[in-house]
Amino acid sequence: MSAPGTGDGVGTLAIRPLDPLKDAELLHSWVTDPKAAFWMMQDAKLQDVEREYMAIAANEHHHAYLGLHDGRPAFLMEKYDPRYIELVGLYEPEPGDVGMHFLVAPTDRPVHGFTRAVITAVMDELFADPRTRRVVVEPDVTNKAVHALNETVGFVPEREIEKPEKRALLSFCTREQFLNRRSPASRGVSL
């Protein structure tokens with residue numbers, strides 16, 4: 001999907017389409033890890049993960065990608081059309097809105113700046129499509145770490161919303177807001 005790029009000095013990041021069957025075991029280990037509690041799949045079985053990502057692969061409005069760090073799987077990215085998935089009836093979508101989820105693989109050896117490099121790479125990927133005008137996220141209101149991270153790349157919270165599975169903080173980031181927040185080291189680098 002994308003050519004490799006440099007992830008803010010943490011190494012080479014690239015993104016490829018997720019293979020729901022081939023990648024299911026790896027994803028299962030990520031989404032059931034205690035560090036992935038906000039992904040809400042702690043009790044999922046391998047078959048649950050396969051089924052979930054097969055459904056995403058079959059949905060024209062929802063797509064999943066595997067992120068690579070120096071050629072090894074390191075993060076998950078999902079993009080969706082909020083007119084049809086996740087946010088239907090919860091806000092008024094605008095032309096060019098794209099919804100996003102991302103999950104960094106749990107590790108015992110964190111790399112300083114890696115998560116910010118990942119969200120920057122994800123945003124670069126989403127804004128590489130000229131039709132994308134604004135990225136929409138809806139993280140759990142209690143996930144303070146992701147709210148702070150989202151703010152570093154330009155997201156602005158709008159309001160809390162009630163989803164079936166959680167109370168969420170609806171936030172938006174326009175292309176201009178993202179470009180204004182990019183770190184100088186990453187400007188001009190494309191994935």
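**Exercise 1. The whole chain**

What percentage of the 191 residues of the protein chain count as buried? Describe the overall build as well.

*Solution.* Start with the ground rules. This is a predicted model, in which local features need pLDDT of at least 70, side-chain atom pairs count only at pLDDT 80 or more, and totals for chains, interfaces and linings use all residues. Residues are numbered from 1 along each chain as its sequence is written, and side-chain values use heavy atoms, with hydrogens and water left out.

Step 1. Of the 191 residues, 48% count as buried. Buried means under 20% relative accessible area, exposed over 50%, and partly exposed in between, with a 1.4 Å probe and protein chains only.

Step 2. List the elements. The chain has five helices and eight strands. Helices (H or I, at least four residues) and strands (E, at least two) are DSSP runs, numbered from the N terminus. Their order along the sequence is β-β-α-α-β-β-β-α-β-α-β-β-α.

Step 3. Judge the compactness. The radius of gyration is 16 Å, close to the 16 Å that the globule rule gives for 191 residues, so the chain is as compact as a globular protein of that length. The radius is taken over C-alpha atoms, and the rule is 2.2 Å times the number of residues to the power 0.38. Along the principal axes, the C-alpha atoms fill a box of roughly 40 × 40 × 30 Å.

Step 4. Check the contacts (heavy atoms within 4.5 Å). Among those with a separation of 6 or more, 61% join residues 24 or more positions apart.

**Exercise 2. Helix α4**

Which residues of helix α4 are buried, and which are exposed?

*Solution.* Step 1. Helix α4 covers residues 144–152, and V146, H147, L149 and N150 are buried there.

Step 2. Look down the axis. The buried residues of α4 fall within an arc of 165°, so they line one face of the helix. The arc is that of the directions from the helix axis to the C-beta atoms.

Step 3. Turn to the other side of α4. K144 and A145 are exposed there.

Step 4. Find the cover. It includes β5 (97–104), α3 (114–127), β6 (134–137) and β8.

Step 5. Move past the helix end. Just after α4, G154 takes a positive phi of about 115°.

**Exercise 3. S171 and Q177**

Is S171 buried or exposed? Place Q177 too.

*Solution.* Step 1. S171 sits in strand β8, residues 167–174. With 4% relative accessibility, S171 counts as buried.

Step 2. Name its partners. Beyond four places in sequence, S171 touches V135, V136, V137, F155, V156, P157 and E158.

Step 3. Q177 belongs to helix α5, residues 175–181. Q177 is partly exposed at 28% relative accessible area.

Step 4. Outside its neighbours within four places, Q177 contacts V153, G154, V156 and F172. Q177 and R134 are 43 residues apart in sequence, with their C-alpha atoms 9.3 Å apart in space.

**Exercise 4. Positive phi outside glycine**

Where do M40 and D70 lie?

*Solution.* Step 1. Recall the background. Most residues other than glycine have a negative phi.

Step 2. M40 is not a glycine, yet its phi is positive, about 60°. M40 is in the loop between α1 (24–31) and α2 (46–58). Its relative accessibility is 41%, so M40 counts as partly exposed.

Step 3. D70 also has a positive phi, near 50°. D70 is in the loop between β3 (62–69) and β4 (72–80). At 44% relative accessibility, D70 counts as partly exposed.
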